[in-house]
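Thanks for coming, everyone. I'll put the structure up and then walk you through a few spots in it.

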Amino acid sequence: MTGTAAPFAADDYRARMERAARSAAEAGLAGLLVAPGPDLVWLTGYAPTAVIERLTLLVLAPGQDPVLVVPTLEAPDAAKAAGASALTLRDWTDGKDPYAATAAVLDAGGRFGVSDNAWAMHLLGLQKTLPGTSYASLTEALPMLRAVKDTAELELLAAAGAAADATFEEIRKVPFGGRRESEVAADLAALLRRFGHSQVDFTIVASGPNGANPHHEVGDRVIERGDMVVLDFGGLKDGYGSDTSRTVHVGEPNDEERRVHDLVRAAQEAGFRAVRPGVPCQEVDRAARAVIADAGYGEYFIHRTGHGIGVTTHEPPYMIEGEEQPLVPGMCFSVEPGVYLPGRFGVRIEDIVTVTEDGGRRLNDTTREMVIVE
């Protein structure tokens, strides 16, 4: 994982690791095994400069001090991590068995939650060394582990959202007509970095018929006057994510384009208004989807209404039918309904929203009205 880790102290990481271990016990797990990636950064502040084939694994278990198993050559860097003083480093050298080193701190018959990006090679190696162990995906076992943000995390997410907003305010000033999608995407990436992002995860510029593909890969299509253009962009600033979408129009839109844009804006507002503590995630999706379906465009809203955001730009919780997880103050996620008309155009409007004690608060605040660009 790249990007600058957020400036948290050792006590913050200690509290996170303790909470994660308690959550594991409550879920009936013997502990958690966390490989390099966003979970490890969030729990310890440690992000290896290169994710290599040598085993690195954080072991969290109730009643046991956290242990980070690392290759000896990586140990000096691991010891510099912000959360290093809250855990014990256990290093292993080339030629030794890393799975034996890890097995020494595991319950030989336990069931463990494993971070989703752990290498199969390492998981199978552990299983061979400790055949009595079993494993569950961390996202499946503890989907809400990182979902509720504290005050410092909310401030970082708000700052990332403000940087994305500043990016939109600048991009709407640049020429669109006669330029390639890839050129506008490059402008977006440069602006995100100018406003403090260390990592750009995506810059979708979907013009005209390309807008009907929600995850359109930026290409060399020349944007034309009369095009609707979906912009969706984000990344990491100080270790926390941004993600926003706005749909602009090159020149004056026709009546249908304006009507569909207004419809999506109304659906996005309905989804936002549904946000309050205790409401199941699926109700946010239902609220936004109902507006679009009632207008006769239901079959053209082809994705979930939202996803969580934090140290990654996509994570639980998800605003989707069937997700009954209640909203909790501090959760942060996107609200991003869309309408996609094949071969013609698409519209998406997206804000990051955080749950408050009595409703929701947007972390993006650029206009949701139709924006005309040149």
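**A walk through the model**

P317 sits in strand β11, where strands are DSSP runs of E with at least two residues and helices are runs of H or I with at least four, all numbered from the N terminus. The peptide bond joining P316 and P317 is cis, with omega at about 5°.

Before I go on, the housekeeping. This is a predicted model, so local features need pLDDT of at least 70 and side-chain atom pairs count only at pLDDT 80 or more, while totals for chains, interfaces and linings use all residues. Residues are numbered from 1 along each chain as its sequence is written, and side-chain values use heavy atoms, with hydrogens and water left out.

Okay, staying around β11, which covers 315-319. The loop from there to β12 (332-335) holds G322. G322 is exposed, at 53% relative accessible area; the cut-offs are under 20% for buried, over 50% for exposed and partly exposed in between, with a 1.4 Å probe and protein chains only. If you pick the C-alpha atoms of G322 and R54, they are separated by 39 Å, and the two residues are 268 residues apart along the chain.

Now the helix pairs. How do α9 and α10 pack, in angle and in distance between their axes? Helix α9 is residues 255-273 and helix α10 is residues 281-294; the angle is about 155° and the axes are 7 Å apart. The axes here are lines fitted to C-alpha atoms, for helices over the stretch in contact, and the angles run from 0 to 180 degrees between N-to-C directions. That makes α9 and α10 roughly antiparallel to each other, going by a scheme in which under 35 degrees is roughly parallel, over 145 roughly antiparallel, 65 to 115 roughly perpendicular and the rest oblique. The crossing of α9 and α10 is right-handed, meaning that the near helix is turned clockwise from the far one by less than a right angle; anticlockwise would be left-handed.

Who is touching whom? On the α9 side we have L263, A266, A267, A270 and G271, and they meet V284, A287, A288, V291 and I292 of α10; contact means heavy atoms within 4.5 Å. Those contact residues come out as nine nonpolar, one polar and no charged. For the classes, Ala, Val, Leu, Ile, Met, Phe, Trp, Tyr, Cys and Pro count as nonpolar, Asp, Glu, Lys and Arg as charged, and the others, Gly among them, as polar.

Next, α7 and α8. Helix α7 (residues 151-171) packs on helix α8 (residues 181-194) at about 135°, with the axes 9 Å apart. So these two, α7 and α8, are oblique to each other, and their crossing is right-handed. In this pair A164, T167, E170 and I171 from α7 meet V184, D187, L188, L191, L192 and R194 from α8. The split for the contact of α7 with α8 is six nonpolar, one polar and three charged.

Back to the loop between α9 and α10, where you'll find P280. P280 is partly exposed, with 25% relative accessibility. Setting aside neighbours within four places in sequence, P280 touches E323, E324, Q325 and P326. P280 and I320 are 40 residues apart in sequence, and their C-alpha atoms are 9.7 Å apart.

Right after that comes the cysteine question. How many disulfides does a search of the whole structure find? Zero, where a disulfide is a pair of cysteine sulfur atoms within 2.5 Å. Why is C281 not in one? Because the closest cysteine sulfur, in C332, is 12 Å from the sulfur of C281, too far for a bond. C281 is buried, at 0% relative accessible area, and C332 is buried too, at 0%.

Two more loop residues and I'm done. I302, in the loop between α10 and β10 (306-308), is exposed at 52%. Not counting residues up to four places away in sequence, I302 touches P214 and Y340. The C-alpha atoms of I302 and Y340 are separated by 7.7 Å, with their positions 38 residues apart along the chain.

Finally, D238, in the loop between β8 (228-237) and β9 (240-250). Phi of D238 is near 50°, a positive value in a residue other than glycine. D238 is partly exposed, with a relative accessible area of 31%.
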